[in-house]
Amino acid sequence: GALKKGGIVIHPTETVYGFAANALMPAAVAKINQIKGRRSGQSYIVLVKNSEMAERCKVLFSRPARKLAAKYWPGPLTLVLPAQTNSPLFPISSDGMVGLRVSPHPAVMRLFEFIDFPIISTSVNESGAPPLEKIPEITRRFGGEVEVILDGGILPAARPSTIAKIVKSKISVLRQGALVPAS
């Protein structure tokens with residue numbers, strides 16, 4: 001219920017702990033900017049339940065993007081796609097591009113059993129600082145500013161997602177992460 005009402009949830013992912021907020025509520029996105037001390041206009045990765053939810057975000061899902069999503073979602077692949085002008089996610093990105101991912105982490109999959117909207121997800125840290133890894137330090141620093149903290153224990157060290165930008169049929173890798181796509 002916290003996410004539906006615009007609240008912030010801290011949750012484990014397969015890489016780091018993340019702040020989650022309803023990606024369709026600009027006020028919730030602004031609250032994360034405030035908590036992290038981050039300038040607005042910097043883009044966030046948006047987690048979706050599946051390809052159908054990604055389509056509802058009104059992005060330009062080209063054939064190469066669909067093929068990559070079918071092959072690697074859920075998994076450590078973020079697809080950066082152009083948003084259509086009627087995208088409900090438009091306030092999240094200043095450049096008109098949206099990064100979407102389907103996380104395989106059980107805690108994230110469980111969240112999507114209760115919600116039917118995309119969530120922004122960003123590492124639990126102050127802007128520019130390393131991500132916090134332990135629940136006691138996360139609770140000390142951010143406990144008073146979020147509604148819910150989901151304890152996933154100490155997360156195994158993992159590389160961040162690979163980020164691929166796809167415009168029409170041109171694919172460019174922006175960050176080489178856990179996934180090494182076959183060419």
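**View 1. Strand 2 and strand 6 run antiparallel.** Strand 2 (residues 17-22) is joined to strand 6 by 5 bridges. Ala21 stands opposite Ile120 of strand 6. The model is predicted: local features need pLDDT of at least 70, side-chain atom pairs count only at pLDDT 80 or more, and totals for chains, interfaces and linings use all residues. Residues are numbered from 1 along each chain as its sequence is written, and side-chain values use heavy atoms, with hydrogens and water left out. Strands (E, at least two residues) and helices (H or I, at least four) are DSSP runs, numbered from the N terminus.

**View 2. Strand 6 is largely enclosed by the rest of the structure.** Strand 6 covers residues 119-123, and 4 of its 5 residues are buried. Buried means under 20% relative accessible area, exposed means over 50%, and partly exposed lies in between (1.4 Å probe, protein chains only). Strand 3 (residues 45-47) pairs with strand 6 in the antiparallel sense, over 3 bridges. Here Ile45 has Ser121 of strand 6 as its bridge partner.

**View 3. Nine strands form an open sheet with mixed pairing.** The strand order is 7-1-2-6-3-5-4-8-9. Two strands pair if DSSP finds at least two bridges between them. Strand 7 (148-149) and strand 9 are the edge strands, each pairing on one side only. Helix 1 (residues 26-36) packs on the sheet and touches strand 2 and strand 6. The direction of helix 1 makes about 145 degrees with that of strand 2. Such angles run from 0 to 180 degrees between N-to-C directions, and axes are lines fitted to C-alpha atoms, for helices over the stretch in contact.

**View 4. Helix 3 has a buried side.** Ala65, Leu68, Ala69 and Tyr72 are the buried residues of helix 3 (residues 63-72). They lie on the same side of helix 3 because they cover an arc of only 100 degrees around the axis. The arc is that of the directions from the helix axis to the C-beta atoms. On the other side, Arg63, Lys67, Ala70 and Lys71 are exposed. The buried residues pack against helix 2 (51-56), strand 4 (77-82), strand 8 (162-167) and strand 9 (170-175).

**View 5. Trp73 belongs to the largest nonpolar core.** That core has 52 residues. A nonpolar core is a set of buried Ala, Val, Leu, Ile, Met, Phe, Trp, Tyr and Cys residues joined through side-chain atoms within 4.5 Å. Phe19, Val48 and Trp73 are among the residues with the most contacts inside it. Contact means heavy atoms within 4.5 Å. Not counting residues up to four places away in sequence, Trp73 touches residues including Phe61, Leu79 and Arg101.
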